[in-house]
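The following exercises concern a single protein chain. Please work through each task before reading its solution.

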Amino acid sequence: MYASTGGSRRPSAPRTSRLTRLAVLASTVALSAAGLAVAATPSSAATCNGYVGLTFDDGPTGSTGALLSVLRANGVRATMFNVGQNVQSNQSAARAQVDAGMWVANHSWNHAHMTSMSQSQMQSDLSQTNSAIQAATGVRPQLFRPPYGETNSTLQSVATSLGLRQVIWDVDSQDWNGASVSQIVSNASRLQAGQVILMHDGIQNTRDAIPQIMANLSSRNLCPGMISPSTGRAVAPDGTAPPTTPPPTGTPTTPPPTTPPPTGGCTATATTPNVWGDRYNTSVTVQGASNWTVVVALTPPQRVSTTWNGSPSWDSTGYVMTVRSNGSGNTFGFTTMMNGNSSARAQIRSCTAG
């Protein structure tokens, strides 16, 4: 996500015979008529009470083959947000992603700061990336992740016009920032059903963390899923909602009375996944309501430059922002220009349901 890297070594194509042996031994790999392998365990799927989106940015790289091996070994299907020029220079690795059952998505052509582009430049960038991915894999992307998480209304509009759903993230693994294996595992443990985590292709610590990440998810009955092109949230690999666990035999079908939550209540949690020298990104996750209003306060002279996944308005000072849900889910975000104040961060003042 934070640096565009191209692979100098082209990983070898998956061997069908090896995949077949794995399928016989573990009953986890299904080969289609075209020889595509999809890692999924029926026994695990039956225990999934929710799904999370594991995503890997900046591929394909010279380490994509190693990443795919780890993902297959742990029964993981993930979304690969690929950089167009990397795909063009390493088509076999991009094809290997699809052969291993991964979903491929658009991460721009060369990982530029797209909010500084004109609309026509954005259009060309995303179109060129779509074409490169489709030429290499036979799959046309449906998802787009803006480089650095930087976006604005123009970029969102361009992505939508190309049939792309913009996807940021709920949890940042911090692997790009030199996080250790244990730190990556700890960050991933915050994932909740429907949420998406940011990871990267080409990082050894990330590959080493995957078995522990999967163990933690399994302990909480969470499974890797696909990211829905309609909602941007993680869902079952076939696009359906999590299965409902049937009640034990003899359990009344009428639910017991419950005490409703206090009227107008919800909780908004803010994290700062990206910080640069002149600006930072804030990601806000709302719980307890699907229709909400969140009030955010800035410290002068900081100013918000871009927002996503919410409808913002401002008070007369320009330092208090009210964000309302707009049907894009329960996570929204914004970029704040520091304007000389590098220590302050945006603060949540209130969250109101309805």
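A residue is called buried when its relative accessible area is under 20%, exposed when it is over 50%, and partly exposed in between (1.4 Å probe, protein chains only). The model is predicted: local features need pLDDT of at least 70 and side-chain atom pairs pLDDT 80 or more, whereas totals for chains, interfaces and linings use all residues. Residues are numbered from 1 along each chain as its sequence is written, and side-chain values use heavy atoms, without hydrogens and water.

**Exercise 1.** State what share of the residues in the protein is buried.

Solution. The protein has 354 residues, and buried residues account for 49% of them.

**Exercise 2.** Describe the environment of Thr206.

Solution. Begin with the location: Thr206 belongs to helix α9, residues 204–219. Helices here are DSSP runs of H or I with at least four residues, and strands are runs of E with at least two, numbered from the N terminus. Next, consider accessibility: Thr206 is buried because its relative accessibility is 1%. Then list its contacts (heavy atoms within 4.5 Å). Beyond neighbours within four places in sequence, Thr206 touches Phe56, Asp175, Ile184, Met199 and His200.

**Exercise 3.** Determine the strand order of the open sheet that contains β15.

Solution. Two strands pair if DSSP finds at least two bridges between them. The four strands follow the order β17-β18-β15-β20, with antiparallel pairing. Strands β17 (311–314) and β20 (347–353) form the edges, each pairing on one side only. Finally, inspect one pair: β15 (residues 292–297) and β20 are joined by six bridges, and Trp292 has Ala353 in β20 as its bridge partner.
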